[in-house]
2 protein chains.
Amino acid sequence: MPVSVNHSDVPRAASEQPRRATMRDVAALSGVSIKTVSRVINGVASVSDELRDRVTRAIVQLDFQPNLAASSLRRTDGATRQIALLLENVANPFSATLSRAVEDVAREHGTLVFAGSLDEDPRREMELVRAATLHRVDGILLVPAGRDHGYLHREIRNGTPVVFADRPPRGLAADAVLATNAEGAREAVLHLADHGHTEIAFLGDEHLISTATERLAGYRAALAERGLPERPGRVVWDLPDPESAARAVARMLDSADPPTALFTAQNLVTIGAIQTLQERGLHREIAVVGFDDFPMADLLMPRVTVVAQDVMRIGALAVRRLFERIAGDTSPPREERVPTTLIVRGSGEIPPR
Amino acid sequence: MPVSVNHSDVPRAASEQPRRATMRDVAALSGVSIKTVSRVINGVASVSDELRDRVTRAIVQLDFQPNLAASSLRRTDGATRQIALLLENVANPFSATLSRAVEDVAREHGTLVFAGSLDEDPRREMELVRAATLHRVDGILLVPAGRDHGYLHREIRNGTPVVFADRPPRGLAADAVLATNAEGAREAVLHLADHGHTEIAFLGDEHLISTATERLAGYRAALAERGLPERPGRVVWDLPDPESAARAVARMLDSADPPTALFTAQNLVTIGAIQTLQERGLHREIAVVGFDDFPMADLLMPRVTVVAQDVMRIGALAVRRLFERIAGDTSPPREERVPTTLIVRGSGEIPPR
DNA sequence: CTGTTAGCGCTTTCAG
DNA sequence: CTGAAAGCGCTAACAG
């Protein structure tokens, strides 16, 4: 570990600081056994008012704070009251919202949450899972980056439950809470078709991510349902960021047979597409429906029609499931689906030229 | 704790699972003492290749994962390799970006980070600080909600360093990493003045937050510098969300003497202001410069001129400082300021009518 | 209702 | 270079 810090030469650390008070100190000061202190701390009823009082006073006087790690080390259930939340990137809106949902539920359970960003890197996923288990988290909530989760078998067997959110597990049976990706995509594309479009493009992110696959399936289902052909070059994916999405849209527009409507299957893809449309002054000519809402979508001109995911709900359901597992639920793994909502704002209702 | 989970009646939990391997198991399997295992785990050089090899093999075979909590319990420095990051709301862009910066630096130190949202609630700040110390975090990075941090003295003295980010400590001497709020605001308002505006309004968030105060000071400094008067009703704050900001702008526009330019001193305020301007079709008439950049600012029409904070840098400097404290730095607390940058995009260059 | 003893999994100290 | 014993701060399992 490269901890080359640049400070005064005095190495010291714990030596100078007055030791933190322990249960022993509290016991000594209040003249009871350490076990009685433990009882008071843990709210066990069978303590006389008088002793409870003396102990409480000593706790305040010494500013005693029980050491949670020490207690969970000895406890039968071994609970640490920590969970890990591993996701794409805490800085992106989807992950950030999920994170908040998780935090809120965790708080109800008196549990702190470690947040970790995977950056779509499977290796990083394994590293962070390992870090989490070294810290003996009570459970892991995972928006996976990797495509094989067999390695999690061991962790689960060792007593660390894992619940998946947004993307399903592969090579592993585990709980998952997902959006209705295919249905949402289908609805988006039907919406475009119903506004007269026959030339609808699909633009998606990393094709190995299951959400992309499901959304493409929804796109195709909608085309088939309306008897529309899927033209070559109309489906593009592996667009990891707005820039590549912007370029992809530019290429499409430059082609012999440009689309009149775009279904952008992910947040950042939507943003990149809009960028190009704006640059070319086509934002009022070409229809766009995006998958997943994003901040400011209703301040752009035209306002952006999207199929919104209920991210807070996905997060909340997933942590709830996790806490059920932590509490000892051993029922077979379940997959839950959270429905999407079409939000009509303008960009998706532009008719074809 | 309301943990009413809805699962099968079997309460069980730890009982059924095969116990996790411990150092003792590894020692037994490899026929060495537990201490030697400890040495191998901690990379102590003085172990013969042969023993190291046997131990390593046993570790793999048993899938042994050292218990970090147990080790830090006994360790002299007591480090838990966890820090807490307490901020406004993990879901908002500023906090989310800060969070990412902190995570990246923490990773270099092999440290996990607890993220917690305070929602501008001082009570919640104290609760989460306490939760963090119960978990014996190595340090706390705080974007404070409260206005008196005297209570942190105890924690610091007990050995938990605290570093402030974005907002300074009050009633406590502690490290802080802040933006150059006054200077940035001054630059924004001078920019508007230099485009011919004399009627410039200030719109800010919660006035008790120090950043708001500093930005107002910058606004006033700029007015004074250009010899412009501060008209009554031109300064409005305590705008906690876009909606109230939108209403405040509407009221100003309806007044007898509406401004020709707005300096919006915070993210959400900027967004609310733009909403109202768009609704009234005034977004190309009235100039806006916002403090703090936001996603999509360059996709709106007109694109939004802002004074951007270097949030990643604020976060990175703050955690670095925290890790220095954790490493034992006892030098006097320092305040660092991170400069802002004016990003010219269009909305701030609209001339007065 | 209260206390004693042992020991969670690991590192420290101190002997070989 | 290796190991035995003690103990971090706390709770479990028994006594009384």
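The following paragraphs go through a predicted model, from its DNA contacts to a helix and a buried residue.

Residues are numbered from 1 along each chain as its sequence is written, and chains are lettered from A and ligands numbered from 1 in the order in which they are written. Local features need pLDDT of at least 70, side-chain atom pairs count only at pLDDT 80 or more, totals for chains, interfaces and linings use all residues, and side-chain values use heavy atoms, with hydrogens and water left out.

We begin with the DNA. A residue is near a strand if one of its heavy atoms lies within 4 Å of it. Around DNA strand D there are 27 residues, and those that come nearest are A:M23, B:T36, B:R39, B:S48 and B:R74. Of the strand D atoms within 4 Å of the protein, 63% belong to sugar or phosphate, and the rest belong to bases.

Some contacts to strand D are polar (a pair of N or O atoms within 3.5 Å). A polar backbone atom of A:M23 is 2.6 Å from a phosphate oxygen of DNA strand D, and for A:N67 the corresponding distance is 2.9 Å. In chain B, a polar backbone atom of B:S48 is 2.6 Å from a phosphate oxygen of this strand. The elements that give two or more residues to the surface near strand D are α1 (23-30), α2 (34-41) and α4 (68-74) of chain A, with α2 (34-41) and α4 (68-74) of chain B. Helices here are DSSP runs of H or I with at least four residues, strands are runs of E with at least two, and both are numbered from the N terminus. Helix α4(A) gives the most, with four residues.

A UniProt record, an unreviewed entry, places "domain: HTH lacI-type" at residues 21-75 of chain A. This span is 67% helix and 0% strand, and its end C-alpha atoms lie 21 Å apart.

Next comes chain B. Helix α9 (residues 210-225) has 16 residues and reaches 22 Å from its first C-alpha to its last, close to the 22 Å expected at 1.5 Å a residue; the expected span is 1.5 Å times one less than the number of residues. Among its buried residues are B:E214, B:R215 and B:Y219, where buried means under 20% relative accessible area (1.4 Å probe, protein chains only). Just after α9(B), B:G227 takes a positive phi of about 70°.

Finally, B:E103 sits in helix α5 (residues 93-108) of chain B. B:E103 counts as buried because its relative accessible area is 5%. Leaving out residues up to four places away in sequence, B:E103 touches A:V90, A:A115, A:G116, A:S117, A:R124 and B:V113, contact being heavy atoms within 4.5 Å.

Key:
Buried means under 20% relative accessible area, exposed over 50%, partly exposed in between (1.4 Å probe, protein chains only). A polar contact is a pair of N or O atoms within 3.5 Å; within protein, one must be able to donate a hydrogen and the other to accept it, and residues adjacent in sequence count only if both atoms are side-chain atoms. UniProt positions are given in the numbering used here, feature names are shortened, and annotations may be inferred rather than shown by experiment.
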